[in-house]
Amino acid sequence: MSSASLAGGTSLHGGGFTKLCKGLAVVLVCGHAAVLIFPATVTYLALIPSRTIPFAWNLITAGYLEQSTYGVVTSIVGLLFMGRLLEPIWGSREFVKFIFAVNFFTSLCVFVTAISLYYIKTEENYLYLPISGFHGILAGFLVGIKQIIPDQELPLMRIKAKWFPSIFLLLAIAVSFFIPEPAAYIPILVFGTYMGWIYLRYIQTRPETKFRGDPSDEFSFASFFPEFLRPVINPVASVFARLLCGSSGASTDAHDYAITETSLPGSDSVEAARRRERGARALEERLAAERLTVVRSAENPQGDAAANV
């Protein structure tokens, strides 16, 4: 385990939110407050495809700008709770790199998609619809949870963590049929999920080994889909694997693994198993600590009240 992971272990096991996540939550609150006080902020900070060429910074700022109160509350809750699990395991630096990369490339893909749809359908709405929000990064976080604790069933939910990204996307797409302007958030969710997988699959630095990414079968693109669809998905996924592996910076063995979906020899497959074990153990220890806190509070309510005073 990296030193960053060890340093963050205390906050994870103790059940507290990390300082970095709290700081990002403040950024989200400030961004939403700016929208409420100065509505013109959306024009300069949200992703508006027709203005992106002169205002290229909105490829970065759009991800941290929530236009609705519901959106900012949901984003902060998701950031704090998922970040509490992911940051101590990845390390703060890698956590920030993940957020920045997923946010930027998600915005870039949304921009290209909006321009393409405009030329295909000739509808100006695709050019002038302000798109923003942290939910693309939250979708990427779900992919990270799938990677770390794929077989873990979280409390109150009898669904394994490996299905969280897929279920989240399906629910979002289903809801989009009943709300106005689904184009304002569906592309961000889709590309956020995919970019999160791309980063963790091919790019994420792993100091424990000489390889990058996670080429295990359990984290293949086909693993996001039910078994009966995987024979159709695998050939499509292999095309993207060949395109990405050439620039991933991984070793030849890792490249061959990513393309053929076979196991890597030696330490790399072991490291994938160790990563999942660390994630499951960290989650179990944090939940145990929280249960112990609840039990102690129930046994000694007067002492807790005196301590709070």
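## Close-up views of an all-helix model

**View 1. T18 sits in the loop between α1 (3-14) and α2 (19-37).** Helices here are DSSP runs of H or I with at least four residues, strands are E runs of at least two, and both are numbered from the N terminus. You're looking at a predicted model, where local features need pLDDT of at least 70, side-chain atom pairs count only at pLDDT 80 or more, and totals for chains, interfaces and linings use all residues. Residues are numbered from 1 along each chain as its sequence is written, and side-chain values use heavy atoms, leaving out hydrogens and water. T18 counts as buried because its relative accessibility is 6% (buried is under 20% relative accessible area, exposed is over 50%, and partly exposed is in between, with a 1.4 Å probe and protein chains only). Its side chain makes a polar contact with the backbone nitrogen of C21, at 3.2 Å. That term means a pair of N or O atoms within 3.5 Å; within protein, one must be able to donate a hydrogen and the other to accept it, and residues adjacent in sequence count only if both atoms are side-chain atoms.

**View 2. The whole protein has 14 helices and 0 strands.** Follow the chain along and you meet α after α, with nothing else in the pattern. Of the 309 residues, 46% count as buried. Take the contacts (heavy atoms within 4.5 Å) between residues at least 6 apart in sequence: 70% of them join residues at least 24 apart. The protein exposes about 15900 Å², and carbon and sulfur atoms supply 67% of that; the area comes from the Shrake-Rupley method with a 1.4 Å probe.

**View 3. R51 and T52 share the loop between α3 and α4.** R51 is partly exposed because its relative accessibility is 26%, while T52 has 3% and so counts as buried. Leaving aside residues up to four places away in sequence, R51 touches T43, Y44 and N58, and T52 touches L47, N58, L59 and F111. The side chain of R51 also reaches the backbone oxygen of T43, at 3.5 Å. Now look for P130: it is 79 residues from R51 along the chain, yet their C-alpha atoms are separated by 9.9 Å.

**View 4. Helix α5 (residues 69-90) crosses helix α8 (residues 135-148) at roughly 40°.** Their axes come within 10 Å; each axis is a line fitted to C-alpha atoms over the stretch in contact, and angles run from 0 to 180 degrees between N-to-C directions. The crossing is left-handed, which means that the near helix is turned anticlockwise from the far one by less than a right angle. Among the residues that meet here are M82 and W90 from α5, and F141 and I148 from α8. The contact has 11 nonpolar residues, 6 polar and no charged (Ala, Val, Leu, Ile, Met, Phe, Trp, Tyr, Cys and Pro are nonpolar, Asp, Glu, Lys and Arg are charged, and the others, Gly among them, are polar).

**View 5. T122 has a positive phi, near 55°, without being a glycine.** Most residues other than glycine have a negative phi. T122 lies in the loop between α6 (92-121) and α7 (125-128). With a relative accessible area of 60%, T122 is exposed.

**View 6. R201 belongs to helix α10 (residues 186-203).** R201 counts as buried because its relative accessibility is 2%. From R201 to D214 you move 13 residues in sequence, but their C-alpha atoms are 4.7 Å apart in space.
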